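Trainee: I am new to this structure. Please take me closely through one part, the sheet and the helices that lie across it.

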Amino acid sequence: MHRPLGTPLTPVQQRVVHRCRALSQVTDPLDAELTVSTAVADARPDEEFWAGLIEHAVSHPSRRNHALLRVLAAALTGRPREWAAGAVLPASPPLTAGGAWICDRSLDAGYLALVCAYAFAEDEHAMVFLIDELSGGVVRKAFVTRDHLAARTALAARGELTAIGTEAAHWLLARSYHRLDRDTRMAVDVDVQRTRLLVDRRIALAFR
């Protein structure tokens, strides 16, 4: 990180650190990831943002900052993940990707619904996405559930649910989020931003 030690946090970075104040008390890996993802939902973080946050956490040891570094080492991608992982061991257990299913209602309702399953060891969860095909395939809604069977059942009641390969599912997600990033004026559900850190991690995981 090409950044002078002791560089003050920006107001946005300070707000993120404050929002993570209870992180050291969070033991569930999914809850910890959601805490950090929600904290940066309105920040639009880039590499410089993460560099400052990581440098601050390293320079000011505390239970909260140690917990924050562990989540960042596990959840970030690219160079920021390497920076955080160089300071602390990632949180465990590791994340693995499971199956994925799609409900294609693009012809009659104009959207695709996608369910992707994941697990921390035996602790399963899923992410559900609603992709607006009428607006060029932009993701409009996204949320996390610990009961992916219930999510699949609910979607199956709306239309035929079809299994899709993990890489194909996450390629679809990567394309949808890329289109969203190109048009920041697009109106999307607030949880699309709150879960963005989770999505980026899972897209990267699918293509390792």
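Mentor: The account below follows the sheet from its strand order to the helices on it. This is a predicted model, in which local features need pLDDT of at least 70, side-chain atom pairs count only at pLDDT 80 or more, and totals for chains, interfaces and linings use all residues. Residues are numbered from 1 along each chain as its sequence is written, and side-chain values use heavy atoms, with hydrogens and water left out.

Five strands form an open sheet in the order 4-3-2-1-5, and their pairing is antiparallel. At the edges are strand 4 (138-145) and strand 5 (161-164), each of which pairs on one side only. From one strand to the next, the twist averages 25°. Strands here are DSSP runs of E of at least two residues, helices are runs of H or I of at least four residues, and both are numbered from the N terminus. Two strands pair if DSSP finds at least two bridges between them.

Strand 1 (residues 95-105) and strand 5 run antiparallel and are joined by four bridges. Within that pairing, Ala-100 has Ile-164 of strand 5 as its bridge partner.

Two helices lie across the sheet. Helix 2 (residues 29-39) lies across strand 2 (111-120), strand 3 (123-132) and strand 4, at about 125° to strand 2. Helix 7 (residues 166-182) lies across strand 1, strand 2, strand 3, strand 4 and strand 5, at about 120° to strand 2. Such angles run from 0 to 180 degrees between N-to-C directions, with axes fitted to C-alpha atoms, for helices over the stretch in contact; contact means heavy atoms within 4.5 Å.
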